[in-house]
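Colleague: I have a new model to go through with you. Can we take the terms one by one, and check each against its cut-offs?

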Amino acid sequence: MLVKVEAVPPARSGPVFVRVHSAVGTAVVVWQGAPQAVGREHYVEWTVDEDIVWSENAWPSADGTFELREDADRIVLRGWLSLDEDGVAVLDVGGSVILFDLANPPLPDGVNGSWVEVRVAPVNVTVWPYEV
């Protein structure tokens, strides 16, 4: 996914956060690129270090559009969910594929191939720049 990376005021310690602006929305996430790369556009890979727990941080979405946004203390990712045979959930958010592990209990029947909204903590959402 191509994003514009904008600096945010640094925290006293911990990870470096940036605001990413994409075609599907904007959010503050953890940056794993070089500090001098902030302020430019980059293709990024997304990593979310939080399992999907159905009815706790993931729900079906009646809105069939891709979205990235902030809501209070969470990052909201809305996309098309598919499940692979290894128990990994794949969320397509505007052409960017994000992998999730699944917590117990398993996802309900009928979730594979549907629109889903996942809400995760910003500290668990990381972008990694790469060159095309």
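Colleague: How many bridges join strand 7 (residues 74–83) to strand 8, and which way do the two run?

Modeller: First, a caution: this is a predicted model, where local features need pLDDT of at least 70, side-chain atom pairs count only at pLDDT 80 or more, and totals for chains, interfaces and linings use all residues. Residues are numbered from 1 along each chain as its sequence is written, and side-chain values use heavy atoms, with hydrogens and water left out. Now your answer: 4 bridges join strand 7 to strand 8, and the two run antiparallel. Two strands pair if DSSP finds at least two bridges between them, so 4 bridges are enough. A strand here is a DSSP run of E with at least two residues, numbered from the N terminus.

Colleague: Which residue stands opposite Trp80 in strand 8?

Modeller: Asp92 does.

Colleague: What lies between strand 7 and strand 8 in their hairpin?

Modeller: There are 4 residues between them. One of the turn residues, Gly87, has a positive phi of about 80°.

Colleague: How do you know that strand 8 pairs with strand 9 (residues 96–101) as well?

Modeller: Count the bridges again. Strand 8 and strand 9 share 6, in the antiparallel sense. Val88, for example, has Asp101 in strand 9 as its bridge partner. These two strands also form a hairpin, with 2 residues between them. Gly94 in that turn has a positive phi of about 65°.

Colleague: Why is strand 8 described as largely enclosed by the rest of the structure?

Modeller: Because 5 of its 6 residues (88–93) are buried. Buried means under 20% relative accessible area; exposed is over 50%, and partly exposed is in between (1.4 Å probe, protein chains only).

Colleague: Why is Asn57 called buried?

Modeller: Its relative accessible area is 7%, which is under 20%, so the label fits. Asn57 sits in the loop between strand 4 and strand 5 (58–60).

Colleague: What does the side chain of Asn57 reach at 2.9 Å?

Modeller: The backbone oxygen of Asp51. A polar contact is a pair of N or O atoms within 3.5 Å; within protein, one must be able to donate a hydrogen and the other to accept it, and residues adjacent in sequence count only if both atoms are side-chain atoms. At 2.9 Å, this pair is inside the limit. The side chain of Asn57 also has a polar atom 2.7 Å from the backbone nitrogen of Val53.

Colleague: What makes Tyr43 and Tyr130 a tilted aromatic pair?

Modeller: Start with the rule. Rings of Phe, Tyr and Trp (its six-membered ring) pair if their centres lie within 6.5 Å; planes under 30 degrees apart count as stacked, over 60 as edge-to-face and the rest as tilted. By this rule the model has 3 aromatic pairs. Tyr43 and Tyr130 are 6.2 Å apart, centre to centre, with 40° between the planes. That angle is neither under 30 nor over 60, so the pair is tilted. The two rings link distant parts of the chain: Tyr43 is in strand 4 (residues 41–48) and Tyr130 in strand 11 (residues 125–130), 87 residues apart.

Colleague: Are these two buried, partly exposed or exposed?

Modeller: Tyr43 is at 35% and Tyr130 at 40%. Both values lie between 20% and 50%, so both residues are partly exposed.

Colleague: How do you know that Arg19 forms a salt bridge with Glu70?

Modeller: A salt bridge is a side-chain nitrogen of Lys or Arg within 4 Å of a carboxyl oxygen of Asp or Glu. The closest N and O atoms of Arg19 and Glu70 are 2.7 Å apart, so the pair qualifies. It joins strand 2 (residues 17–22) to strand 6 (residues 67–71), with the partners 51 residues apart. The model has 8 salt bridges by this rule.

Colleague: What distance separates N and O in the salt bridge of Asp71 and Arg69?

Modeller: It is 4.0 Å, N to O. Arg69 also forms a salt bridge with Glu67, at 3.1 Å. These three belong to a network of salt bridges that also includes Asp63, Arg78, Glu117 and Arg119.

Colleague: Last one: which residues touch the most other members of the largest nonpolar core?

Modeller: Val20, Trp46, Leu77 and Phe100, out of 32 residues. Such a core is a set of buried Ala, Val, Leu, Ile, Met, Phe, Trp, Tyr and Cys residues joined through side-chain atoms within 4.5 Å.
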